[in-house]
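Trainee: I am new to this structure and would like to learn how its parts meet. Could you take me through it slowly?

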There are 2 protein chains.
Amino acid sequence: MTTTTIQGSLIGTRSVTGGAGTVRGVDPRTNQAFGDEFSLLDSDQVDEATRLADEAFATYRSTDPETRAVFLESIAENLESVGTQVVETAQRETGLPEGRLSGELVRTANQLRLFATVARAGDYLGARIEPALPDRKPLPRPDLRQVKIPLGPVAVFGASNFPLAFSVAGGDTASALAAGCPVVFKAHNAHPATSRIVGQAIADAVISAGLPVGTFSLVYGAGKSVGQQLAADPRIKAIGFTGSRSGGVSLMETAAARTVPIPVYAEMSSINPVYVLPSAIRDNAGALAEGFVGSLNGSAGQLCTAPGLLWVPEGAEGDAFVDLVVEELSRVSGLPMLTEGICRSRVEGEKRIADVEGVELIARGHEGDTENAPAPTVYRTTAENFRARPELSDEVFGAFCLVITYSSEADLLQAVDSTEGQLTSTLHLDPEDAQDIRFAQDLVPAVQLTAGRVLFNAWPTGVDVGDAMVHGGPFPATSDGRSTSVGTLAIDRFLRPVVFQSTPEALLPQSLLDSNPWNLVRRVDGEFVLPENQ
Amino acid sequence: MTTTTIQGSLIGTRSVTGGAGTVRGVDPRTNQAFGDEFSLLDSDQVDEATRLADEAFATYRSTDPETRAVFLESIAENLESVGTQVVETAQRETGLPEGRLSGELVRTANQLRLFATVARAGDYLGARIEPALPDRKPLPRPDLRQVKIPLGPVAVFGASNFPLAFSVAGGDTASALAAGCPVVFKAHNAHPATSRIVGQAIADAVISAGLPVGTFSLVYGAGKSVGQQLAADPRIKAIGFTGSRSGGVSLMETAAARTVPIPVYAEMSSINPVYVLPSAIRDNAGALAEGFVGSLNGSAGQLCTAPGLLWVPEGAEGDAFVDLVVEELSRVSGLPMLTEGICRSRVEGEKRIADVEGVELIARGHEGDTENAPAPTVYRTTAENFRARPELSDEVFGAFCLVITYSSEADLLQAVDSTEGQLTSTLHLDPEDAQDIRFAQDLVPAVQLTAGRVLFNAWPTGVDVGDAMVHGGPFPATSDGRSTSVGTLAIDRFLRPVVFQSTPEALLPQSLLDSNPWNLVRRVDGEFVLPENQ
């Protein structure tokens, strides 16, 4: 008889054994559970985490830029120091390949360092100063100084498909911590051991930085009930979520029904249409088909930005391109999906689409040689049929795509106008082709209304983490299209402006002092003023 | 028998007679209706306004900064050219004094010009450029260019208490139009004739600028049903509202329940606590009492920022200050309120508070010599009683204030922690008093969590419209504390970011071209770059 260790949550850096059952990691390639058990918290224990977060907020939000930056950098370092263990564990819990996870680890650490830079630069504070104008007519102007302040403790829900970059120390955590908000992180039960190692890396950084223990907690619990509890808790002031549409919508409903509603930033559902214009496949169809299949099947298609709709022109050139897709797909095999449940949804989702009239299977790869590795598939229908059947726009999470043949530019314009909100929309065209460029000049303004990112001659999978990225988009891609969950702008989600009027110097925050001790870019009288060292 | 003219709504610059009854302006000083009748639209007619707004969006959002700025400036000019008529009409419909309304007209025109400046400068576009780094390891960086785009048609609901600055051509309209969003404005039935004159000024500007007619519509209708219709209309992408808590919450509910939820910016309910620290009344009690009564009774207390809670220290100095307040109040008379209904709510609200145990009336001014001009009143209770009875925090809109005596700094800290979200919170103290400054250093961090604006030694009524103002605050002050409805930052409410990846130059928006034809401040590789002419 093997004995397994029971691991606890991290409530304010302390390991706490839960009172509501346990979960274990499962290798999706074998459906075998392995490793330690992770105990699930009961609601009083979850309550303790939010209480500590609330308590930590007063101190944590007052930290200076350097303290916050060093804290984020130290999480990155701690994470890297357990990198091998993290990657190995995540590999087993998710079935994702080593290379993908090593890359994700680098991205996660770099993302923390990027937000350290953001915290240090302080542009996000949006400091604005209007000095008093005592002689202004008809009324004097008082001294007015605006700055953005953190909202309060944030509950973050990790994604199953990015066990590092969108999980415990991922983008939501990094941006919330950079903003000055304590984080209560709900571990995803599909990668409990990975979560625990990463959570410890953060807890260690909290301790070494001398921050209040409630700055970060990692809680394990039954997904739905803990989620609802956190979303309803009056001490939680915002929510970050990456996951399913139903999960996100349910958090939105709870958050909106509170006595004091709070913002929910849920990244949910996107089928990422790709519009192939005729010029794109005139000389380049082979490379395009290969690129498409790579983007479709990478990470078993379990990327929020995987291309789920491919618009191809009717006619010989379009057909030849589709033939190349069929051929490319026949060479690849399905990869293991993250969990048995996700695999089941993928298979059921495919069946739902396959059963719709006017939809035909045109390409199928091989099944993978592990459990939960269905063959990647591509179906086809016409623009007319797609328009008539809204259920064809439902996301099927996994390596699955619907090719839609269009007969005219009007087909595409009409399709774009009726598309739901997307994380990405992509155009393929030859930039030297005058006709396609002319058409794209009509199409792009419409496309941008439906997406957070518009790409050209590229594939939407792969999201660069930087200053200009938008990983967002109108509902249902996200719950709040006014923001992004990737890139530096993500910090804006956890802030709100406040203005200080006629304030004695001793009571002004550092960010607004005349002496500008934090060297901030500020707006003075409506004009940007750069600090001397920039 | 007198015949009255029946006036219509402005649906896309065209006057349309409604099919759902009429309203007329009422002089609140006499309760007498006067002037033209204004016909109310039925739901098909309202639908036509949103259809036109949706149609106008494609063209209007593509206007360049100069076109949009000139349009806003021309609204300001048109408004000024009918200024005398506007002020006279508004005076009769609202009972507000001529000086107040003339000032409001100037503010409204200046606000439009301020947003013209904002549109021209284009900082609000938040342009960010990360040029391609083809040699970056491990992965190349694609060219990424981010800009903010308008959300779409906005429904705006005017306030009763600012018939100009928060009404037809007020801050919500100006900021939405500056952002590139067409506006469907629901006229407030308490000032229908004023609304119509101002609406015509906008419609004339739409025509002279050659903009699509749906850029602006002014609709008259039964308040609640038209509001709900607009909030539920899929073509409406955001809502601006200033009014009651119940009205705002009802719009929030409808907007959240849509298939595609939209943001609601409702400015609702605030009692604007004022904390008088001991040093403030040591030498200065007379001026302070006078300032308070002026702030309380101005515009009959019908300002969102009127001081409704006054915290005064227990003891001889506090009592002496309160005596001065009593004396000052005895010298002033009530001013006519905006409508019979608002006056009734004011009287009922006062009665509700007066009936609470432990609350006593301490000061009453005179009744005004018109209809609807109740005497301004001040009540008093203790910090302990205030804490025990949450109903004492309910807003009573009008010249009404509750004085709360506190016995310790702990009383104030506790009060701040349990206060609801506020538009403003004010501290009075002598900046030379070391003890009060020390205490304020503890108090201010807590105060800023509950308010959008924190003032010192000033009164919260009077909101400067500029670059640093925040007229916002946590719920229930507003529905969305992440924003402001006054000042240049208000434009952010109607925008969302989108990123263009690897985009052929011919398909990039002007704001993101390398040549920077609009002379924008942009972030390049994470650093602000000012255009050469700044």
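Mentor: Let us begin where strand β19 (residues 451-456) of chain A runs parallel to β20(B), the two being joined by three bridges; strands are DSSP runs (E, at least two residues) numbered from the N terminus, and two of them pair if DSSP finds at least two bridges between them. This is a predicted model, in which local features need pLDDT of at least 70 and side-chain atom pairs count only at pLDDT 80 or more, while totals for chains, interfaces and linings use all residues. Residues are numbered from 1 along each chain as its sequence is written, chains are lettered from A and ligands numbered from 1 in the order in which they are written, and side-chain values use heavy atoms, with hydrogens and water left out.

Trainee: Which residue is the bridge partner of L455(A) in β20(B)?

Mentor: The partner of L455(A) there is Q501(B).

Trainee: How much area is buried between chain B and chain A?

Mentor: The size of an interface is often given as the accessible area lost when the parts come together. Here, with a 1.4 Å probe and the loss summed over both parts, the buried area between chain B and chain A is about 6,200 Å², and carbon and sulfur atoms give 58% of that. On the side of chain B, D467(B), R482(B) and L507(B) lose the most area to chain A, together 12% of what that side buries.

Trainee: How many salt bridges does the rule find across this interface?

Mentor: A salt bridge is a side-chain nitrogen of Lys or Arg within 4 Å of a carboxyl oxygen of Asp or Glu, and the rule finds 10 across the interface of chain B and chain A, including one in which the side chains of D467(B) and R523(A) meet at 3.0 Å, N to O.

How values were computed. Buried area = accessible area lost by both parts, 1.4 Å probe. Helix = DSSP H or I, 4+ residues; strand = E, 2+ residues; numbered from the N terminus.
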